[in-house]
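I opened this notebook to keep a record of what I looked up, entry by entry, for a reader who is new to the structure.

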Amino acid sequence: MRPHPPAIVLGLDSAINLSIIRELGQKDVPVIGVGTAATSMAAASRHCSQAIIRPAGPIMSWMPDIVRRTGAMALFAVSETDLLQLASGPKYIGKCQVLTPRLEQLQRALSKSDTLSAARKLGFDVPQTWQPRAGEDFAARIAEQTFPAIAKWDNPNDILPLLEEAGLKWEKAEFVSNAGQLDRLLDRFQTIGRWPLIQSYCDGVGLGQMLYMRRDRATLRFQHVRLHEWPPEGGVSTLCYNEPLHQHQAQMKLSERLLQELEWEGPAMVEYRYDAARKRYWLMEVNGRYWGSLPLTRHCDTLFAWEAYRRSVLGQVVDAPVGRQDIIQARYMIPETKRLMRLLIRRSRVNERVAEYSRLQELRSYLADFVRPNMRYYVFDKDDTGPFYQDIRNMVGKIFKGGRHDPR
């Protein structure tokens, strides 16, 4: 009989959910996964003691019954859609603790403009940012804009329904290299009268500082550097490594100060572009949930989901031990492979000043990574191979399913 009460993880399709399940399972927590299909990747983990097909309707219309049947004492969620549903609900479902941020906290973190405003007050370096609004002289603002620039939505959850209704595609981030591109981008959204934030591109590498906040202080810290992203212009981390905690100590203190200003509780990642030549940290955003590179933290024995569980459910108050400080790399194979294909087949939309690369060098590095002794993977784990094989089956199934319906 396992010593700890069960936990529910909402979602079974991402490497983030899988990492949470593995963290808790390795600590002898029975995990109930709730997903959209029995073939979901994380359902194949040996640490997922039970997989439940997600019922239709709002979470609170069916979650109390699952809590009652399973005896779960903790509920984890990852997607922003689920977080927003849970944020305005009760903190407890019976005796089960909902380990997600409250609505006011979450809204502050999701709003990039609110985050940047708080950061400016604390003296952070933030990129030049323009939020276009109806009635402005766009031509004059475009003339003042520095390039290259990045376009991204202030709060994606607010804009997604409008984009869908108008038949417009949502992009996490779009690279804009000149005034003409920016003019065309802004014109695209005239029909809905809403526009993404326009930020000047900041040189440097992606640096993420992760903290678990409990009662106004960080009880767990981790940081990583992004080497690759999908798409290459900026997006999900596909290859990254841990940065030892003796690096960037002053900035880590500022990250903690920013989360205090936002009155944050729980896990969060403060994202920067770090310009090593100038020793400058450009704040990008605060990711107020479990982040895409969470598998790396698990490989480094820095367990954020377990931190939430042990403090909230078990009442443990002693600080967690510091994780591994030797360099570990981790990569997310499917998007990492898509990135390689993009770079081999055609030039990235990022201009040469921002991202120079050699096709041959990229291919050599991709292949060499398979034999690096410090390389780990987001999905594959030699002690838990089920999710990897299930992910491959799902991917092949999608390819063949798409082929059967291909009108050509």
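Before the entries, I note that helices (H or I, at least four residues) and strands (E, at least two) are DSSP runs, numbered from the N terminus. I am working with a predicted model, in which local features need pLDDT of at least 70 and side-chain atom pairs count only at pLDDT 80 or more, while totals for chains, interfaces and linings use all residues. Residues are numbered from 1 along each chain as its sequence is written, and side-chain values use heavy atoms, with hydrogens and water left out.

Entry on Arg298. I located Arg298 in helix α10, which covers residues 294-299. Its relative accessible area is 7%, so I entered Arg298 as buried (buried means under 20% relative accessible area, exposed over 50%, and partly exposed in between, with a 1.4 Å probe and protein chains only). Leaving aside residues up to four places away in sequence, I found that Arg298 touches Ser19, Arg22, Glu23, Gln26, Leu303 and Asp381, where contact means heavy atoms within 4.5 Å.

Entry on α1 and α11. I then looked up how helix α1 (residues 15-26) lies against helix α11 (residues 304-312), and found that their axes come within 8 Å and cross at roughly 55°. Axes here are lines fitted to C-alpha atoms, for helices over the stretch in contact, and angles run from 0 to 180 degrees between N-to-C directions. The two helices, α1 and α11, are therefore oblique to each other, given that angles under 35 degrees count as roughly parallel, over 145 as roughly antiparallel, 65 to 115 as roughly perpendicular and the rest as oblique. On the α1 side I listed Ile20, Glu23 and Leu24, which meet Phe304, Ala305, Trp306 and Tyr309 of α11. Sorted by class, this contact of α1 with α11 has 6 nonpolar, no polar and 1 charged residues (Ala, Val, Leu, Ile, Met, Phe, Trp, Tyr, Cys and Pro count as nonpolar, Asp, Glu, Lys and Arg as charged, and the others, Gly among them, as polar).

I also checked how enclosed α11 is: 9 of the 9 residues of α11 are buried, so the helix is largely enclosed by the rest of the structure.

Entry on aromatic rings. I noted 16 aromatic pairs in the structure; rings of Phe, Tyr and Trp (its six-membered ring) pair if their centres lie within 6.5 Å, and planes under 30 degrees apart count as stacked, over 60 as edge-to-face and the rest as tilted. For Trp306 and Tyr309, the ring centres are 5.7 Å apart and the planes stand at 20°, so I recorded the pair as stacked. Both Trp306 and Tyr309 are buried. By contrast in arrangement, Phe388 and Tyr389 form an edge-to-face pair, with 5.2 Å centre to centre and 70° between the planes. Phe388 counts as partly exposed at 29% relative accessibility, and Tyr389 is partly exposed with a relative accessible area of 44%. I further wrote down one aromatic cluster formed by Phe76, Tyr290, Trp291 and Phe304.

Entry on Val225. My last look was at Val225, which I placed in strand β12 (residues 217-230) and which counts as buried at 5% relative accessibility. Setting aside residues up to four places away in sequence, Val225 touches Val205, Gly206, Leu207, Leu239, Cys240, Tyr241 and Glu243.
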